[in-house]
Amino acid sequence: MSLVQTLLLFAFFYAGIDTTGSFTDPRDSAALESLKNEWQNTPPSWGASNDPCGAPWEGVACINSRVTALRLSTMGLKGKLGGDIGGLTELKSLDLSFNKDLTGSISPALGDLRSLSILILAGCGFSGSIPEQLGNLSNLSFLALNSNNFTGSIPPSLGKLSNLYWLDLADNQLTGSLPVSTSQSSGLDLLLKAKHFHFNKNQLSGSISPKLFSSEMVLIHILFDGNNFSGNIPPTLGLVKTLEVLRLDRNSLTGTVPSNLNNLTNINELNLANNKLTGPLPNLTQMSSLNYLDLSNNSFDSSEAPEWFSNLQSLTTL
C-alpha cells in the first residue's frame with residue numbers, strides 16, 4: 001500500500017468513518033463528507049450512512065464505487081462551493097442549479113474534474129469571476145452558469161472546450177469584450193461544436209469581432225441582447241448558415257445591417273431593435289423561415305415599406 005493510500009485510510013478511521021463493506025471509494029466518501037459539512041439543508045439521507053453509493057445518498061449516482069453524478073437542483077442548499085469538490089475526480093455531471101443560497105465565488109478546483117461533461121450552476125447566488133481553470137474540462141459539453149452574480153470578463157480559456165455544445169453565461173454582471181483566439185490564447189471562435197451562445201443580460205462591451213464567426217460553426221442560437229456592444233454588426237455572421245435565432249437588440253450597435261445576413265435562410269427570429277443602426281432597411285427576402293422580426297428603435301433611412309415584407313409567408317410578428 002502506498003503512503004498516500006495509508007494516510008487516506010488513517011484519515012477515515014480517525015474521523016470515525018467505517019469503511020468496512022463500503023461500496024464507495026474512500027476518496028469520494030471523504031469529498032462528500034466534506035461537502036455535507038460545508039452545506040446546510042442537505043437531503044436527510046446525507047449522513048444516514050457512511051456509504052453514499054451502497055446506501056445511496058439522494059442526488060448521488062455511482063458507477064463501480066465511484067461517484068459520477070451529483071444532481072442536487074432546487075434542494076435549498078446553503079453555503080459555498082469550495083475546493084473539496086475537486087476530490088470527486090470521476091464526476092461526469094454536476095447540477096447544483098436553482099439553489100439561490102449557494103453563494104460566494106466558485107472554486108478553481110472545478111477545473112480538476114477532468115471527466116466532467118455537464119456543469120449546471122444556473123440560478124444560484126454565485127459571484128466573483130469565472131475561473132479560467134474551467135478551460136481544463138476538455139470533456140465538457142454543457143456549461144450553464146446563467147442567472148448568478150458573476151463579474152469580470154469571460155475567460156479566453158473557455159475556447160479550449162472543443163466538445164462544448166451549450167454555453168450559457170446569460171443574466172450575470174460580466175464585463176469586457178468577447179474573447180477571440182490569438183497566437184497566445186484561446187477564444188470563443190474555436191468552439192466549432194457549440195450550438196448555443198447565450199450571453200444576454202450582462203454588461204459586455206466593445207465591438208463584436210468579425211473573427212468570432214466562421215462558416216465552420218454550427219451555432220443555432222446567438223443571444224447577445226441586453227449588453228453594451230458597440231461598433232458594426234460583423235458581416236461574418238452571414239457565414240453561420242445554421243442560425244435559427246439571432247438577438248442583438250438593446251445594445252449600441254452602429255452602421256448598416258450587413259447584406260449577407262440575408263443568407264441565413266434558417267432564421268426564425270431576428271431582433272436588432274434598440275440600437276443605433278443606420279442606412280437602408282436590410283433586404284431579408286431569402287429568410288423564408290422568419291416568423292419574428294424586430295428592427296424597431298433604430299435610425300434607418302426613410303422609405304416606403306419594402307415589398308419583401310409581404311413575401312415572408314412565415315412571418316407572424318413584425
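**Note on a predicted model with an eleven-strand sheet**

1. For residues 26–62, UniProt lists "domain: Leucine-rich repeat-containing N-terminal plant-type", and the entry that carries this annotation is an unreviewed one. The structure discussed here is a predicted model, and this should be kept in mind through all the points below. Within the model, the C-alpha atoms at the two ends of residues 26–62 lie 13 Å apart, and this span is 35% helix and 8% strand.

2. It helps to begin with the whole protein before turning to its parts. The protein has three helices and 20 strands, and along its principal axes the C-alpha trace spans about 80 × 40 × 30 Å. Of the 318 residues in the protein, 48% are buried, where a residue is called buried if its relative accessible area is under 20%.

3. The annotated span includes helix H2, which covers residues 26–38, and its length can be checked by simple arithmetic. At 1.5 Å a residue, the 13 residues of H2 should span 18 Å, and because the end C-alpha atoms of H2 are indeed 18 Å apart, expectation and model agree.

4. Which residues in H2 are buried? They are Asp28, Ser29, Ala31, Leu32 and Leu35. These residues cover an arc of only 165° around the axis, and therefore they sit on the same side of H2. The general background is that an α-helix has 3.6 residues a turn, so residues three or four places apart point the same way.

5. How many disulfides does a search of the whole structure find? The search finds one, and this disulfide joins cysteine 53 to cysteine 62, with a distance of 2.0 Å from S to S. For a reader new to the term, a disulfide is a covalent bond between the sulfur atoms of two cysteines. The angle about the S-S bond is -80°, and the link between cysteine 53 and cysteine 62 is left-handed.

6. Is cysteine 53 buried or exposed? Cysteine 53 has a relative accessible area of 16% and is therefore buried, whereas cysteine 62 has a relative accessible area of 29% and is partly exposed. A further cysteine, cysteine 124, is also buried, with a relative accessible area of 7%.

7. Eleven strands form an open sheet, in the order E1-E2-E4-E6-E8-E10-E12-E14-E16-E18-E20, and the pairing within this sheet is mixed. Strand E1 (60–63) and strand E20 (292–294) stand at the edges; each has a single partner strand, so one side of each is left without a neighbour in the sheet. On average, and with direction ignored, neighbouring strands of this sheet are turned by 15° against each other.

8. As background to the pairing, strands of a sheet pair through backbone hydrogen bonds, either parallel or antiparallel. At one edge of the sheet, E1 and strand E2 (residues 66–71) pair in the antiparallel sense over four bridges, and in E2 the bridge partner of valine 60 is leucine 70.

9. Parallel pairing can be followed through strands E5, E7 and E9. Strand E5 (residues 101–106) pairs with strand E7 (residues 125–128) in the parallel sense over two bridges, and threonine 103 stands opposite glycine 125 in E7. Two bridges also join E7 to strand E9 (residues 149–150), again running parallel, and here glycine 128 stands opposite phenylalanine 150 in E9.

10. Two residues deserve a closer look for their backbone angles. Most residues other than glycine have a negative phi. Asparagine 41, although it is not a glycine, has a positive phi of about 65°; asparagine 41 is placed in the loop between H2 and E1, and because its relative accessibility is 47%, it counts as partly exposed. Lysine 201, which is not a glycine either, has a positive phi of about 60°. The loop that holds lysine 201 runs between strand E12 (196–198) and strand E13 (203–207), and lysine 201 is partly exposed, with a relative accessible area of 45%.

11. Where is glycine 79 placed? Glycine 79 lies in strand E3 (residues 78–81), and because its relative accessibility is 19%, glycine 79 counts as buried, the cut-off being under 20%. The C-alpha atoms of glycine 79 and asparagine 37 are separated by 9.6 Å, although these two residues are 42 residues apart along the chain.

Key
Residues are numbered from 1 along each chain as its sequence is written. This is a predicted model: local features need pLDDT of at least 70, side-chain atom pairs count only at pLDDT 80 or more; totals for chains, interfaces and linings use all residues. Side-chain values use heavy atoms; hydrogens and water are left out. UniProt positions are given in the numbering used here, feature names are shortened, and annotations may be inferred rather than shown by experiment. A disulfide is a pair of cysteine sulfur atoms within 2.5 Å. Buried means under 20% relative accessible area, exposed over 50%, partly exposed in between (1.4 Å probe, protein chains only). The expected span of a helix is 1.5 Å times one less than its number of residues. The arc is that of the directions from the helix axis to the C-beta atoms. Two strands pair if DSSP finds at least two bridges between them. Axes are lines fitted to C-alpha atoms, for helices over the stretch in contact, and angles run from 0 to 180 degrees between N-to-C directions.
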